[in-house]
Structures are given as C-alpha cells and as structure tokens.
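Reader: I would like to work through a model and learn how its features are read. Where should we start?

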Amino acid sequence: MKYQFKVMTQQEAEEIAHQWHYDGDYAFYDMEADEEDLVEFLDSEKRGDTTFSVYEGNDLIGFFAVHADVGSFDIGLGLRPDLTGGGRGQTFLKEGMDFVQTEFSPARVALSVATFNQRAIRVYQKAGFVDKGTFMQATNGSTYEFLRMEYVC
C-alpha cells in the first residue's frame, strides 16, 4: 500500500476539524460547517477505532471512517484540501477501499455524497460505485440533496 492507515488520534481530529478548510462550494465539507458533525468528529468515543488518519510518509493527507451498517459498511472520507482537484482522488479511494476490504471483509460498501460534488461522484463511479438514489438531509444549516452510492466487493 502506498498509504498508511492509523486509528485517528485526538490531535489529528482537531487538526482536520480546525485547520482543513476547502475552497468555494467545497467549504461545505469543512468540519466546522456543521456543529453536530464537528462535535461527533471531535468525540474520541464516537470516532472509536474505525476512523483512520491516512498518511503518505509522514504527511497526514486524509481520513477514512468506516461504520458497520445492516448488510454493508458505510464509509466517509476526506482528502486534505490542498490535495483535492489534482487527480489524487482515484488513488486515495482505491487505497482506502483496499484497506477496508483487508480489515473488514465487507460484502458491500456504501457512501453518501452531496449531489453538487460531481468531481467526487465521477471518482466513485470510476472506482465501481453505482448510484442507489438520492435523499434530502439537513446539515450545515439547511437541507441538501445527497446521492447514495454502493460498491459490491
């Protein structure tokens, strides 16, 4: 594997939550954009041992969260803001999926992505995720449309 996955420490969670800020519409993904998400991300008990910091060498480049759900595993992921939009998403996702399959052996992996984020949706589709429908969710002070996607392992 090109990347190393380590159970996230409190220091790493605080760095991501308070120092990672995305540009333009992607600021939607800032941890501080939603108080409830921020509190959950910073709570070590809620993160448990299934939220991972992702390193390339000594550099913290992203995170990968894995949550068991009925019949599948849900993932949430984030790439450091200065690394987005430069073609790294496919490798980051592949490495994360390899890690999830090795560690958890899921039959299916699911994720949800804001429908405006066509850049991420293309990465997920190219990796083999298929669309499973949209839903509305309250977050970041409003209600947004999300796309549910699934990958069969």
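Author: We begin with the source, then take the strands and one helix.

Author: This is a predicted model, in which local features need pLDDT of at least 70, side-chain atom pairs count only at pLDDT 80 or more, and totals for chains, interfaces and linings use all residues. Residues are numbered from 1 along each chain as its sequence is written, and side-chain values use heavy atoms, leaving out hydrogens and water.

Reader: How is strand pairing read, and how many bridges join β2 to β3?

Author: Strands are DSSP runs of E, at least two residues, and helices are runs of H or I, at least four, both numbered from the N terminus. Two strands pair if DSSP finds at least two bridges between them. Here 6 bridges join β2 (residues 51–56) to the antiparallel β3 (residues 59–69), with Phe52 opposite Phe64. Their hairpin has 2 residues between the strands, and Gly57 takes a positive phi near 65°.

Reader: Which residue in the turn between β3 and β4 has a positive phi?

Author: Gly71, at about 75°. β3 and β4 (residues 72–79) are antiparallel over 8 bridges, and Gly62 stands opposite Leu79.

Reader: Which residues of α5 are buried?

Author: Buried means under 20% relative accessible area, exposed over 50%, with a 1.4 Å probe and protein chains only. In α5 (residues 118–126), Ala120, Ile121, Val123 and Tyr124 are buried. Seen down the helix axis, the buried residues of α5 fall within an arc of 160°, taken from the directions to the C-beta atoms, so they line one face. Arg122 and Lys126 are exposed on the face turned away from that side.
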